[in-house]
Structure formats: C-alpha cells, structure tokens
Amino acid sequence: MAAAGPAQAAEVSYATKCVPPAASGLDPVNGTTKVEITAPATAKVGDEVDVVWKFTQAASKNPDLIDLPANSVQPSGVLKAAGAQTADIALVGPRENPAIPKGGAMVLSDMKGKVKLTTAGDVTLTPDAYTINVYGTDTKCAPTGTVQSSATIKVTAGDGGSPSTSTSPTPTPTDSESATPTPTPTPTPTGSDDESESPSSTPSATDSGQTDFTGKLVQVPYKCVTPIGDKDVTSPIQINATKNGGSYKITVQFKGSVMNSPADLPAGVVKPSMEVVLGGSDTGTVHVEGPGNPDPIKTGDAMSVSDMTGTYKPGATGESTLSPGVLTVNAVGTTTTCTPTTTMVSLTLDTEEQASGASGGSSTTTSGSTGTSGGLANTGAENNGALKALGLVAGTVILAGVAVFTFMPGRRRLR
C-alpha cells in the first residue's frame, strides 16, 4: 500500500437496465448511472490497493409510494479490471442513507473493495453490474452498452521481484458492517454417523416414571417463496415433550434469531405455528402454535419465533420420531409459510397407542393429510413464504420492497 501513488478519480456515465424483483410485476426499466471511481494512479506488483465506487447520480427516484427511512438501502457491485491484469473486483457499500421521501432522489452509499496487483502494465477499471437491496429485495442493474473505463493504475515491477502473468483472484468486500447482497444460508445438515448427530431424548427424571424429554437441536433447511422471491434459510430448532397420561405436551423452540427486523413492529403481531412431522412407528402431524411477540420490535432489532406448543396423542406403539415441519407465520394480516427441504428428527419417544391417536388419523393433523413414516406430511402449503419475509409484512414495507425503484426517463407510477 505504501508503494501506491496518489489517488485519482474520474466520473463515467452509462446507460443502465434495471430489473425490479419479479414479484413486483414491474417491467425492466432503463436509466442512466453516473459513478466516480477512485484508485491509486501508480502502484507496484504485489501491492493490494483500495478502490472506491461513488454514485454521483442514481438512475432512479423513490416513487410516490412510501418514505424510505434512513439506513435502509444498500448497494453492491462489480468493477472490471482489464489491460495488464483481468479481475472482477467485488465491492459493497454500507446500509447508510438519509431518509428518502416519496419522489426524492435515491442516495446510495460509496462502495469499496480491494485488488491485489499481479502484473506490470496499465490496469483499467470499468464499472459493471450492481445490485440495490431494500428490505430484503434486490433490484439488479447492468450496463446496456459499452462502458468507458473510469480509472487507470500504472503498475510497475516491485523491488526485487518480477512481473507476474497470473490474473488476480476476485477480492472480497472490506466493509465489515455490510452484508453481501445475497444471503448465504447456513450449510444444510447432511447427517453424520457421529453419535452426537443421532436423535436423543434426554430425561429430566429417571427412566422409571420418566415424564420430561429433551430433543436434539437440529439445523433445519427451509425452502421459502416470499412475496418478493425465493429464499433459502436454515434455522436451529429443538422439540421437547412432557408426558401427561397417555399423551405428550409438545414444545417447539427456535434457538436463534430469525433475522433483524427491517421495520418497527408492534407487540402481538408476529404469531407462529407449525406442523410437527411424525415418523418411525407413527404417522401424521401435530399442530403447535405460539403467542404473538410480547414486546414491540424496533427496526434493526433481532426477531425471534416464540415457543410453540401442542398435544401429541400417539397412534402407534413403538419408537416414534418428531421433526420440525411446515412453519406458518401470521403477521399484520399477512400469512407466510416455509417448508423444510430435509426431515430432521429432533426427538424420539417410546410411545403406546392411544384411542383416536395420530397414526392414520386426523385428530392432530390440521391439513387433513398424513405423511409417510419419517417423511413430510402434505400440508397443502404450495405458496411457501419465508422466515426472512417476516419483516416485509409490516404495513407498507412490502410496497417499499417491490416498488422502490422507478427509473427515469419515463418514470412509472404504481396505482
């Protein structure tokens, strides 16, 4: 870095096509992007240099639908290095912006990244595609024609070294406060032969007269279809049981925050329910429900799903398993659902058949269908929502997510 010469900045303007989220129903629109790229004028082979992408004019205005609060818009993009060295330089900006009123000009933060220089010669930097994220929705923008380079770094051979002919690897964004534009889900559990991965039921009493059973914490991968696109999320869930006569009180707990709320939510508006899947000796589902959030949730605060409870009446004698199933969340009059892509057993119980129990029946199955042993019950939830869509259902937040970008010229309004 010390070898790099003074920084240079140059503005470039280019035609841009932006594609709003599919669920918005809006057609792709065209606008003009103006950016200024800052980079060192000179450097040596082996230097790792900073580059900055500054938006001097966004290709859009906020439509006359909703005021966007401060710190709700985040850009990310790619800068193309060419010439003596080729590389895609990933950049990302912080979620920092002033409050943007209806009809106001979009304000995007500066994006930053790094590139390690590997080859002597002129390295040109050219803006390419970028993404604008608002309330979990992505508007993707890309050039529609040739873009002029915005900056050039003159790279010389380092002291005692020789020019390299290899291309530079794509660096990672350096803004520690910013998330990448596409959420990366927790790796989907694949199962293991290790004893710690096997389903367990830990009693709180001795085997004689045992009444309380603690399930294993499992990382459940969910496939969700939200009002603004598909989402893949993974959630840590644990199922516990307390025996009461021939039946069991079932408690389903989420052991981590689902997401940070992108909007203020009043108390009592986020209400979860789930269809716990039975397997092993038993079949069907057990319906569990949880209360609404006890306290208001502020923008940026962690959101969590309350404990859900229900009653399991065994329909078979033997070893029965319980796995997290379809999750439904009702919030502010909107219903979302998420379906697990893999059955993850959390609790195993030694059960005795009860009259009108779960196996082959419908007393604990809210959907009217039962699943196969160890598999997912058919709950009819074709329109799967998302854990990450919880914050999108607060009032007009959905409108902000799907319609925040209307581009000029030819600005289009939703009515």
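**Bridges, rings and a disulfide**

Biologist: Let's start with D50: what is its relative accessibility?

Modeller: D50 counts as partly exposed, the class between buried (under 20% relative accessible area) and exposed (over 50%), with a 1.4 Å probe and protein chains only. Please keep in mind that this is a predicted model, where local features need pLDDT of at least 70, side-chain atom pairs count only at pLDDT 80 or more, and totals for chains, interfaces and linings use all residues. Residues are numbered from 1 along each chain as its sequence is written, and side-chain values use heavy atoms, leaving out hydrogens and water. For D50, the value is 34%.

Biologist: Which residue forms a salt bridge with D50?

Modeller: For a salt bridge, a side-chain nitrogen of Lys or Arg must lie within 4 Å of a carboxyl oxygen of Asp or Glu. The structure holds four of them. In the one with D50, the closest N and O atoms are 2.6 Å apart, and the partner is K114.

Biologist: How many residues apart are D50 and K114?

Modeller: D50 sits in strand 4 (residues 48-57) and K114 in strand 8 (residues 111-116). Strands here are DSSP runs of E with at least two residues, while helices are runs of H or I with at least four, and both are numbered from the N terminus. The pair links distant parts of the chain, the separation being 64 residues.

Biologist: Where does D110, the salt-bridge partner of K54, lie?

Modeller: K54 and D110 have their closest N and O atoms 4.0 Å apart. The pair links distant parts of the chain, 56 residues apart. K54 is in strand 4, while D110 is in the loop between strand 7 (87-92) and strand 8.

Biologist: How many bridges pair strand 4 with strand 8?

Modeller: Strands pair if DSSP finds at least two bridges between them. On one side, strand 4 pairs with strand 2 (residues 29-40) in the antiparallel sense over five bridges, and K34 has Q57 of strand 4 as its bridge partner. Strand 4 and strand 8 are antiparallel too, with V52 opposite K112. Their bridges number six.

Biologist: Which residue meets K80 in a salt bridge?

Modeller: K80 counts as partly exposed at 32% relative accessibility. Its side chain meets its partner at 2.9 Å, N to O. The partner, D88, is also partly exposed at 32%. So K80 pairs with D88.

Biologist: What angle about the S-S bond does the disulfide of C18 and C141 have?

Modeller: A search of the whole structure finds one disulfide, counted when a pair of cysteine sulfur atoms lies within 2.5 Å. C18 and C141 are joined with an S to S distance of 2.2 Å. The link is right-handed, at 115°.

Biologist: How far apart in sequence are C18 and C141?

Modeller: C18 lies in strand 1 (residues 7-19) and C141 in strand 10 (residues 137-143), so the disulfide links distant parts of the chain. C18 is buried at 0% relative accessibility, and C141 is buried at 2%. The separation is 123 residues.

Biologist: What is the geometry of the aromatic pair of F213 and Y248?

Modeller: The structure holds five aromatic pairs. The rings of F213 and Y248 have a centre-to-centre distance of 6.1 Å and 65° between the planes. Rings of Phe, Tyr and Trp (its six-membered ring) pair if their centres lie within 6.5 Å, with planes under 30 degrees apart counted as stacked, over 60 as edge-to-face and the rest as tilted. That makes this pair edge-to-face.

Biologist: What relative accessibility does Y248 have?

Modeller: F213, in strand 13 (residues 212-214), links with Y248, in strand 16 (residues 247-254), across 35 residues. F213 counts as buried at 11%. Y248 is buried as well, at 3%.

Biologist: Why is the pair of Y248 and Y312 classed as it is, and what is that class?

Modeller: The ring centres are 6.0 Å apart and the planes lie at 25°, so the pair is stacked.  Y312 lies in strand 21 (residues 308-312), so the pair ties together parts 64 residues apart in sequence. Both residues are buried. The class, then, is stacked.

Biologist: Which residue makes a side-chain polar contact of 3.0 Å with S320?

Modeller: S320, in strand 22 (residues 318-323), is buried at 0% relative accessible area. Leaving aside neighbours within four places in sequence, its contacts (heavy atoms within 4.5 Å) include Y312, D282 and L349. A polar contact is a pair of N or O atoms within 3.5 Å; within protein, one must be able to donate a hydrogen and the other to accept it, and residues adjacent in sequence count only if both atoms are side-chain atoms. The side-chain partner of S320 at 3.0 Å is T351.
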